[in-house]
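Dear colleague,

Please find the structure below, together with its sequence. A summary of the findings follows it.

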Amino acid sequence: EKRKRPTAEECKHVVSALGKIHPDVVKENQKRREGFIDQKKKKKQKTNKKQANCTPVTDAVISTMLSQNTTAANQNRAFAGLKEAFPGGWEEVAT
């Protein structure tokens with residue numbers, strides 16, 4: 001069976017490398033992630049699954065892709081929806 005690319009290991013390597021190059025993006029997305037967590041707490045949504053593999057650079061890439069040809073409000077709703085649908089992180093999306 002042919003292996004799909006990029007692999008999870010390749011993605012982790014790229015995320016790590018981009019995080020070193022763009023620490024400002026890492027900080028900004030950490031704030032964004034904390035905001036989403038606060039929103040979830042305020043709405044009292046149940047999340048029993050562990051949030052794993054916090055990847056700020058991946059968050060930035062996904063958020064940028066979602067922002068194309070849409071409003072900021074729609075982009076934010078879509079991003080929050082993805083985070084809610086895949087509480088295990090982006091690795092859960094990839095597998």
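**Findings: a buried charged pair and its surroundings**

K83 and D59 are both buried. The model in which they appear is a predicted one, and this should be kept in mind throughout. The two residues form a salt bridge, with 3.0 Å between the closest N and O atoms. This pair links distant parts of the chain, since K83 belongs to helix 4 and D59 to helix 3 (residues 56–67), 24 residues apart. In general terms, side chains of opposite charge can pair when their charged atoms come close.

The structure holds two salt bridges. The other pairing joins R5 to E10, where the closest N and O atoms are 2.3 Å apart. How accessible are R5 and E10? R5 has a relative accessible area of 64% and is therefore exposed, the threshold being over 50%. E10 stands at 26% relative accessibility, so this residue counts as partly exposed.

**The chain as a whole**

The chain contains five helices and zero strands, and its elements follow the order α-α-α-α-α from the N terminus. Of its 95 residues, 22% are buried. The chain exposes about 7400 Å², of which carbon and sulfur atoms supply 55%. Among contacts between residues at least 6 apart in sequence, 63% join residues at least 24 apart.

**Helix 4**

Helix 4 (residues 72–85) has 14 residues, which at 1.5 Å a residue should span 20 Å; the C-alpha atoms at its ends are 20 Å apart, so the expected and modelled values agree.

Which residues of helix 4 are buried? They are Q75, F79 and K83. These residues cover an arc of only 70° around the axis, and therefore lie on the same side of helix 4. The general geometry of such elements accounts for this pattern: an α-helix has 3.6 residues a turn, so residues three or four places apart point the same way.

Q75, which is found in helix 4, has a relative accessible area of 6% and is therefore buried, the limit being under 20%. The side chain of Q75 makes a polar contact with the side chain of S63, at 2.5 Å. With neighbours within four places in sequence left aside, Q75 is in contact with R32, S63, L66, S67 and T70.

**Two buried glycines**

G89 is located in the loop between helix 4 and helix 5 (90–94). With 11% relative accessibility, G89 counts as buried. D59, already mentioned as the partner of K83 in a salt bridge, is 30 residues away from G89 along the chain, and the C-alpha atoms of G89 and D59 are separated by 9.7 Å.

G19 is part of helix 1 (residues 8–21). The relative accessible area of G19 is 18%; this is under 20%, so G19 is classed as buried. Which residues does G19 contact, leaving aside its neighbours within four places in sequence? They are V26 and V57. In the case of V57, the separation from G19 is 38 residues in sequence, while in space it is 6.0 Å from C-alpha to C-alpha.

**In brief**

The two salt bridges have the following settings. The pair of K83 and D59 is buried and links helix 4 with helix 3. In the pair of R5 and E10, R5 is exposed and E10 is partly exposed.

With kind regards

Terms used:
Residues are numbered from 1 along each chain as its sequence is written. This is a predicted model: local features need pLDDT of at least 70, side-chain atom pairs count only at pLDDT 80 or more; totals for chains, interfaces and linings use all residues. Side-chain values use heavy atoms; hydrogens and water are left out. Helices (H or I, at least four residues) and strands (E, at least two) are DSSP runs, numbered from the N terminus. Buried means under 20% relative accessible area, exposed over 50%, partly exposed in between (1.4 Å probe, protein chains only). Contact means heavy atoms within 4.5 Å. Accessible areas come from the Shrake-Rupley method with a 1.4 Å probe; for residues, only the protein chains shown count as cover. The expected span of a helix is 1.5 Å times one less than its number of residues. The arc is that of the directions from the helix axis to the C-beta atoms. A salt bridge is a side-chain nitrogen of Lys or Arg within 4 Å of a carboxyl oxygen of Asp or Glu. A polar contact is a pair of N or O atoms within 3.5 Å; within protein, one must be able to donate a hydrogen and the other to accept it, and residues adjacent in sequence count only if both atoms are side-chain atoms.
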